[in-house]
Amino acid sequence: MQDLFVYERQIQFGDTDAVGIVYTVRFFDYCMEAIDAWQRQYLDIDWFDMVDKRKFGTPMVNIDMQFKGPLARGKAYITLLIKRVGNSSVNFQLHGRDEDDNDCFISNFTYCLTDSTYFRPIPIPDQFRPIMEDYHQACLTKAVFI
């Protein structure tokens, strides 16, 4: 059984306000970075290659986020789960924690895979689907979805 993917992110000075708390909008960047890092590690493709070489689009069709506590200087640890794999869409759930293992946020990011020429949904390619579904199954046995 595979381990869950955890993205480690050093919080930069420019990510924070005057008291050292991460700006709200930066949480979205951290989640997008975590999804990109997961895709590079598991699918062996990054967003640049998806768009430039494969001509896939991945517009976000839904994003929600619940803040659980402040995230400040140090490191953020973002556990990426796949909550659902649809025909054309994938729902990622991301759990953000700080260096002291405190819950900071939980978010859901859903993207729809599209043909970037016609901007229409396309099925998840066969080379990605089994990997996503296997990871989803690992998440079901190891994680709690919110």
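Leaving out neighbours up to four places away in sequence, L43 is in contact with W38, F128, I131 and M132. In this predicted model, L43 belongs to helix α1 and is buried, with a relative accessibility of 7%. That makes L43 a handy starting point for a walk through the helix pair, followed by a buried serine, a buried asparagine and two residues with positive phi.

**L43 and its surroundings**

- The 7% relative accessibility of L43 falls under the 20% limit, so L43 counts as buried.
- Along the chain, L43 and F128 are 85 residues apart, yet their C-alpha atoms are separated by 6.2 Å.
- F128 is also among the contacts of L43, together with W38, I131 and M132.

**How α1 and α3 pack**

- Helix α1 spans residues 24-43, and helix α3 covers residues 129-142.
- Which residues carry the contact between these two helices? From α1 come W38, Y42 and L43, and they meet I131, M132 and Y135 of α3.
- By class, the residues of this contact are 6 nonpolar, with no polar and no charged ones.
- The axes of the two helices come within 11 Å and cross at roughly 110 degrees.
- An angle of roughly 110 degrees falls in the range from 65 to 115, and therefore α1 and α3 are roughly perpendicular to each other.
- The crossing of α1 and α3 is right-handed.

**S88 and P123, two loop residues in contact**

- S88 sits in the loop that links β4 (75-85) to β5.
- Is S88 buried or exposed? Its relative accessibility is 11%, which is under 20%, so S88 counts as buried.
- A polar atom of the S88 side chain lies 3.0 Å from the backbone oxygen of I122.
- Residues up to four places away in sequence aside, S88 touches Y111, C112, L113, P121, I122, P123 and I124.
- P123 is placed in the loop between β8 (120-121) and α3.
- With residues up to four places away in sequence again left out, P123 touches N87, S88 and L113.
- L113 is therefore listed for both loop residues, since it touches S88 as well as P123 under the 4.5 Å contact limit.
- Looking towards α3, the C-alpha atoms of P123 and Y135 are separated by 18 Å, with the two residues 12 apart along the chain.

**A polar pair at N108**

- N108 is part of strand β6, which runs over residues 103-112.
- N108 is buried, with a relative accessible area of 7%.
- What joins the side chains of N108 and Q93? The link is a polar contact of 3.0 Å.

**Two aspartates with positive phi**

- Most residues other than glycine have a negative phi.
- D44 departs from that sign: its phi is positive, about 60 degrees, although D44 is not a glycine.
- Where does D44 sit? Its place is the loop between α1 and α2 (47-52).
- D44 has a relative accessible area of 67%, which is over 50%, so D44 counts as exposed.
- D101 likewise has a positive phi, about 70 degrees, and is not a glycine.
- D101 is found in the loop between β5 (89-97) and β6.

Notes: Residues numbered from 1 in each chain as written. Predicted model: local features only at pLDDT ≥ 70, side-chain atom pairs only at ≥ 80, totals over all residues. Heavy atoms only, no water. Helix = DSSP H or I, 4+ residues; strand = E, 2+ residues; numbered from the N terminus. Buried < 20%, exposed > 50% of the residue type's maximum accessible area, 1.4 Å probe, protein only. Axes fitted to C-alpha atoms, helices over the stretch in contact; angles between N-to-C directions. Parallel < 35°, antiparallel > 145°, perpendicular 65-115°, else oblique. Left-handed = near helix turned anticlockwise from the far one by under 90°. Nonpolar A, V, L, I, M, F, W, Y, C, P; charged D, E, K, R; others polar. Polar contact = N/O pair within 3.5 Å; in protein donor to acceptor, adjacent residues only side chain to side chain.
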